[in-house]
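Hi,

Here is the structure I said I would pass on. Have a look at it first, and my notes on what turned up are underneath.

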Amino acid sequence: MGERKRGPAEGGTIGSIAVILAAGIVLGVAFNAIGLESRPGWGIPWIGKDRAEGLVSLDGAIEGLPEIPDLEEPMEADLARVRLFHEAGAALFVDAREVEEYSAGHIAGAISMPYDVAAGEPELMENLDPGGRPIVVYCGGGECELSISLAYEMIFAGHTKVLIYTGGYDEWAGAGQPIASGVAEGS
Amino acid sequence: MEAIQSVLRHSWTVRACRVGIGVIFGYAGLAKIGDLAVFAMQIHNFRMVPVSTENVMAMTLPWIEIVAALALILHIRARPAALLSTALLVVFTIAVGVAYLRGLDIDCGCFGTADGAQVGLRKLLENAGMIAVGAIASLREAKGSG
């Protein structure tokens, strides 16, 4: 091996690290700026926000099934509205919890898609066919954020009508709504 | 002892370790830039940084990894790049360790969604190994051994 140029002296080490960091930051910001301008956009907002707080709720009078427009972010739905979809079979219910929790009890007809599994295998979501209906994602309710995370992944995977039932399984079961148990996927 | 030192500091050993870390960092960075939104969410799941800064981290961290990788592989400012990479590995490992201790059942996000690895003991061991390689890569090459 030929003699190569020696690295910078000790004093230059910190400087070189700073150069690498600066180059990375500049490239990252530039890359994201391009992503924000592109159509379809793949850049992300400059300031992160808490998704649980920023959720828009499906509201308006409850008269028949609400129309869900094509969304760029999932919307939150309450028990009263989610019930309408469930009764009419007008939505695909997706359980974002672990398989064991799903087996122990889930919203009747819901399919199991644990967030942990889906995040590593986006094709699961891409291949999911809700038959033109909205997808209603839920988890355990309360502090549970799996449904929010999975709902965003659904949007990234190309689905446009994604609702989050934040009340979750606990509220649903507590309200005496139809539930099922076991691992068999509902239809 | 001296023999071990001379092997570790041999320029071939040090350079091989630098290229190894470089390849890993390059892959990790490229795997993340394909889906920044997912990576931002993976950072969020660690719950370690303020929510408002998560996106800036998500957009810059992969590129810092890529630039460091290029420096390591192309042998330009390689030792500072090795020091930086090793420091980053230590920070990542602490993050994984803390998440594991807190019982968070989350994706590592180390390679974006390219691996579905969860935070856990296995990941900690992998990282410990990479830190060891990074430490060798950070050594000053022995004079006259190249």
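Start with Leu84(B): leaving aside its neighbours within four places in sequence, this residue is in contact with Ile17(A), Ile20(A), Leu21(A) and Ile64(B). Bear in mind that this is a predicted model.

Leu84(B) also turns up among the residues with the most contacts inside the largest nonpolar core, which has 32 residues; the others named there are Ile20(A), Ile44(A), Phe25(B), Ala58(B) and Leu88(B). Which elements give two or more residues to this core? From chain A there is helix 1 (11-37), and from chain B there are helix 2 (11-33), helix 3 (36-46), helix 4 (51-74), helix 5 (78-101) and helix 6 (121-137). Helix 4 of chain B gives the most, eleven residues. A second core, separate from that one, has 23 residues, including Ile111(A), Tyr152(A), Met154(A) and Met41(B). As background, nonpolar side chains in soluble globular proteins tend to be buried together.

Now the interface. Between chain A and chain B about 3,400 Å² is buried, and carbon and sulfur atoms give 65% of that. On the chain A side, Ile20(A), Phe31(A) and Ile44(A) supply 18% of the area that chain A buries against chain B, more than any other three residues. In residue terms, 36 residues of chain A are in contact with 37 of chain B.

How many salt bridges are there between chain A and chain B? The count is zero. Polar contacts do cross the interface, though: the rule finds four residue pairs, with both residues at pLDDT 80 or more. On the side of chain A that touches chain B, the elements giving two or more residues are helix 1, helix 5 (115-120) and helix 7 (146-156) of chain A. Helix 1 of chain A has the largest share, 14 residues. By type, that side of chain A divides into 18 nonpolar, eight polar and ten charged residues.

On to the salt bridges, of which the structure holds nine over all chains. Three of them caught my eye.

In chain A, Asp70(A) pairs with Lys161(A), and their closest N and O atoms are 3.2 Å apart. Asp70(A) sits in the loop between strand 1 (56-57) and strand 2 (75-77), and Lys161(A) in the loop between helix 7 and strand 7 (162-165), so this salt bridge ties together parts that are 91 residues apart in sequence. Asp70(A) is exposed, at 57% relative accessible area, whereas Lys161(A) is partly exposed, at 22%.

In chain B, Arg18(B) and Glu141(B) form a salt bridge at 3.1 Å, N to O. Arg18(B) belongs to helix 2 and Glu141(B) to the segment after helix 6, so the pair links parts that are 123 residues apart in sequence. Buried or exposed? Both Arg18(B) and Glu141(B) are buried.

The third, also in chain B, is Lys123(B) with Glu126(B), at 3.0 Å from N to O. Both residues lie in helix 6 of chain B, three residues apart, about one turn of the helix. Lys123(B) is buried, with 3% relative accessibility, while Glu126(B) is partly exposed, with 32%. Finally, salt bridges with shared partners join Arg15(B), Arg18(B) and Glu141(B) into one network.

Cheers

Technical notes: Residues are numbered from 1 along each chain as its sequence is written. Chains are lettered from A and ligands numbered from 1 in the order in which they are written. This is a predicted model: local features need pLDDT of at least 70, side-chain atom pairs count only at pLDDT 80 or more; totals for chains, interfaces and linings use all residues. Side-chain values use heavy atoms; hydrogens and water are left out. A nonpolar core is a set of buried Ala, Val, Leu, Ile, Met, Phe, Trp, Tyr and Cys residues joined through side-chain atoms within 4.5 Å. Buried means under 20% relative accessible area, exposed over 50%, partly exposed in between (1.4 Å probe, protein chains only). Helices (H or I, at least four residues) and strands (E, at least two) are DSSP runs, numbered from the N terminus. Contact means heavy atoms within 4.5 Å. Buried area is the accessible area (1.4 Å probe) that two parts lose on being put together, summed over both. A salt bridge is a side-chain nitrogen of Lys or Arg within 4 Å of a carboxyl oxygen of Asp or Glu. A polar contact is a pair of N or O atoms within 3.5 Å; within protein, one must be able to donate a hydrogen and the other to accept it, and residues adjacent in sequence count only if both atoms are side-chain atoms. Ala, Val, Leu, Ile, Met, Phe, Trp, Tyr, Cys and Pro count as nonpolar, Asp, Glu, Lys and Arg as charged, and the others, Gly among them, as polar.
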